[in-house]
Amino acid sequence: CTVLVDGRRINSCLTLAVMHDGQSVTTIEGLALDDNLHPMQAAFVEHDGFQCGYCTSGQICSAIGMLAESREGMPSYVTDDLTQPAAELTDAEIRERMSGNICRCAAYPNIVAAIKQTAGLPT
């Protein structure tokens, strides 16, 4: 499952907690503020970006980290020009950047719509 360490997404199953002593580790439970869902969580609900729920926490944490990477100009494998900051987040960019997150129920179009809404892009 994906978690955020100092705002960067990592696979929690591939690291030890002790390796991140002193760093901020955010799981799905740490995203909401009191009774207010994080905007990505609310978008997943609105766009039905989940079915069975197995992958949802990792999808949401990864999407939050992915948007931060995109805002920082980090390219992906489908970025047209690697010498320039990553441009607009197209569906292809979002799908590539989220490609390590598997959804058994195939809610991918809804997940992309939720990410686009959170990023302020037309869905």
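Guide: A pocket is an open set of grid points with protein on both sides within 12 Å along at least five of seven lines. The structure above is a predicted model, and its largest pocket holds about 270 Å³ of space.

Visitor: Which residues lie nearest the centre of the largest pocket?

Guide: C1, T2, G100, N101 and I102 lie nearest the centre, among 13 lining residues. By class, the lining comprises 7 polar, 5 nonpolar and 1 charged residues.

Visitor: Which helix gives the most to that lining?

Guide: Helix α2, spanning residues 56–71, gives the most, with 3 residues.

Visitor: I should like to turn to the sheet. What is the order of its strands?

Guide: The order is β2-β1-β3, in an open sheet of 3 strands with antiparallel pairing. Strands β2 (8–11) and β3 (25–26) stand at the edges with a single partner strand each, so one side of each has no neighbour in the sheet.

Visitor: How many bridges join β1 to β2?

Guide: The two strands run antiparallel and are joined by 4 bridges. One of the residues to inspect is T2, whose bridge partner in β2 is N11. T2 is also among the residues nearest the centre of the largest pocket.

Visitor: How many bridges does β1 form with β3?

Guide: Strand β1 (residues 2–5) pairs with β3 over 2 bridges, again in the antiparallel sense. Here V5 has V25 of β3 as its bridge partner. Helix α2 packs on this sheet and touches β1, β2 and β3, its direction making about 40° with that of β1. The helix that touches these strands also contributes to the lining of the largest pocket.

Visitor: Which residue takes a positive phi in the hairpin of β1 and β2?

Guide: D6 does, with a phi near 50°, in a hairpin that has 2 residues between its strands.

Visitor: How should confidence be read, and what is the mean pLDDT of the chain?

Guide: Where pLDDT is low, predicted coordinates should not be read in detail. In this protein chain the mean is 93, and 98% of the residues reach 70 or more. Among the elements, helix α1 (residues 39–46) has the highest mean pLDDT, 98, and helix α3 (residues 91–97) the lowest, 94.

Methods: Residues are numbered from 1 along each chain as its sequence is written. This is a predicted model: local features need pLDDT of at least 70, side-chain atom pairs count only at pLDDT 80 or more; totals for chains, interfaces and linings use all residues. Side-chain values use heavy atoms; hydrogens and water are left out. On a 1 Å grid over the protein atoms alone, a cavity is a set of points where a 1.4 Å probe fits but cannot get out, and a pocket is an open set with protein on both sides within 12 Å along at least five of seven lines; lining residues have an atom within 4 Å of a point. Grid points are joined across faces, edges and corners, and a volume is the space filled by probe spheres set on the points. Ala, Val, Leu, Ile, Met, Phe, Trp, Tyr, Cys and Pro count as nonpolar, Asp, Glu, Lys and Arg as charged, and the others, Gly among them, as polar. pLDDT is the predictor's confidence in each residue, from 0 to 100. Two strands pair if DSSP finds at least two bridges between them. Contact means heavy atoms within 4.5 Å. Axes are lines fitted to C-alpha atoms, for helices over the stretch in contact, and angles run from 0 to 180 degrees between N-to-C directions.
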